[in-house]
Amino acid sequence: MMRAPDWDLYQSLHAVARAGSLSAAARALGLSQPTVGRHIEQLERALGQPLFTRSPRGLRPTEFTLALAPSLEVMATAAQAALREASGDAETVGGVIRLTASEVIGAEVLPAILTEFHEQHPGVVIELALSNRAEDLLHREADIAVRMMRPTQSGLLARRVGAIGGGLYAHRGYLQKHGVPRAMDTPGHVAIGYDRDDAPVRAITGAHPALTRELFSFRSDSDLAQLAAVRAGFGVGGIQHGIARRDPNLVHVLDDVFNFELEVWVVMHEDLKASRRMRLMFDHLVAELADYVKTSRP
């Protein structure tokens with residue numbers, strides 16, 4: 001009976017498929033390029049199928065490899081989760097914790113919170129993935145998530161922290177040049193908002209149908225890019241009150257016309273309750289984000 005190929009070979013296949021070249025995959029895996037090349041050759045012999053074709057842009061996966069891609073992704077995610085679990089004893093405060101959060105929370109709010117945690121527990125390595133999509137905690141794409149909506153999956157430990165308030169803000173320099181807007185579509189004013197992804201706006205603006213793509217003169221689906229544009233004086237855009245209050249140059253405008261609230265949840269897989277470092281991080285996030293929520297009220 002033919003022996004099944006080792007996971008190392010599939011790991012190399014997954015890395016090459018994602019990176020598009022042997023050299024990039026080798027760097028990602030911490031292996032040499034010849035080693036990764038041998039892995040692909042061994043796997044092709046074992047499976048009896050070519051896995052890549054060469055093109056001017058690098059290695060292109062065959063239809064057979066593309067069909068394997070979903071399973072490879074699941075295997076890779078599970079392997080990474082296993083490595084994180086094995087990185088520290090369940091009752092010690094050391095090892096890896098992978099967090100996920102939205103762009104703005106991850107870049108503007110969590111750094112100070114995570115710095116305090118790391119100073120208390122220097123043996124913990126923190127991985128932070130910023131994404132406005134909800135990572136799948138059941139399949140361990142991340143260990144702990146800070147989410148801006150109620151989780152719907154079962155098997156998760158979830159704690160509602162509170163609701164973050166926000167509104168429209170503009171830089172003082174912008175207001176000195178253009179005056180204070182009196183309405184969402186005041187002539188001569190610049191609105192900042194989404195480009196192609198209107199899901200975040202739909203989640204908070206059910207009562208504000210005027211916020212359509214055509215209204216915006218600066219369009220980006222990156223919340224951080226929108227925030228940077230407001231800070232640069234480009235125009236008027238939505239910002240959480242807690243973030244805006246840190247910058248004296250940001251002025252709240254149209255507060256009688258537009259405000260929004262976002263729920264804040266800290267979520268992790270129930271199976272991680274046995275890990276002391278995960279429990280400590282979960283409780284730390286709940287407590288510190290609760291303090292942040294207090295600063296984000298109108």
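**Salt bridges, and how we know**

User: Why is the contact between the side chains of Glu127 and Arg98 called a salt bridge?

Analyst: A salt bridge is a side-chain nitrogen of Lys or Arg within 4 Å of a carboxyl oxygen of Asp or Glu. Between Glu127 and Arg98 the N to O distance is 3.1 Å, so the pair fits that definition. The model is a predicted one: local features need pLDDT of at least 70, side-chain atom pairs count only at pLDDT 80 or more, and totals for chains, interfaces and linings use all residues. Residues are numbered from 1 along each chain as its sequence is written, and side-chain values use heavy atoms, leaving out hydrogens and water.

User: What makes Glu127 and Arg98 a link between distant parts of the chain?

Analyst: Glu127 sits in strand E4 (residues 124-130) and Arg98 in strand E3 (residues 95-101), 29 residues apart. Strands here are DSSP runs of at least two residues, helices (H or I) are runs of at least four, and both are numbered from the N terminus.

User: How do you know whether Arg98 is buried, partly exposed or exposed?

Analyst: Buried means under 20% relative accessible area, exposed over 50%, and partly exposed in between (1.4 Å probe, protein chains only). Arg98 has 24%, so the label is partly exposed. Glu127, at 29%, is partly exposed too.

User: Why does the pair of Glu108 and Arg231 tie together separate parts of the sequence?

Analyst: Their closest N and O atoms are 3.0 Å apart, in a salt bridge. Glu108 lies in helix H5 (residues 103-120) and Arg231 in helix H8 (residues 223-231), so the pair joins parts 123 residues apart in sequence.
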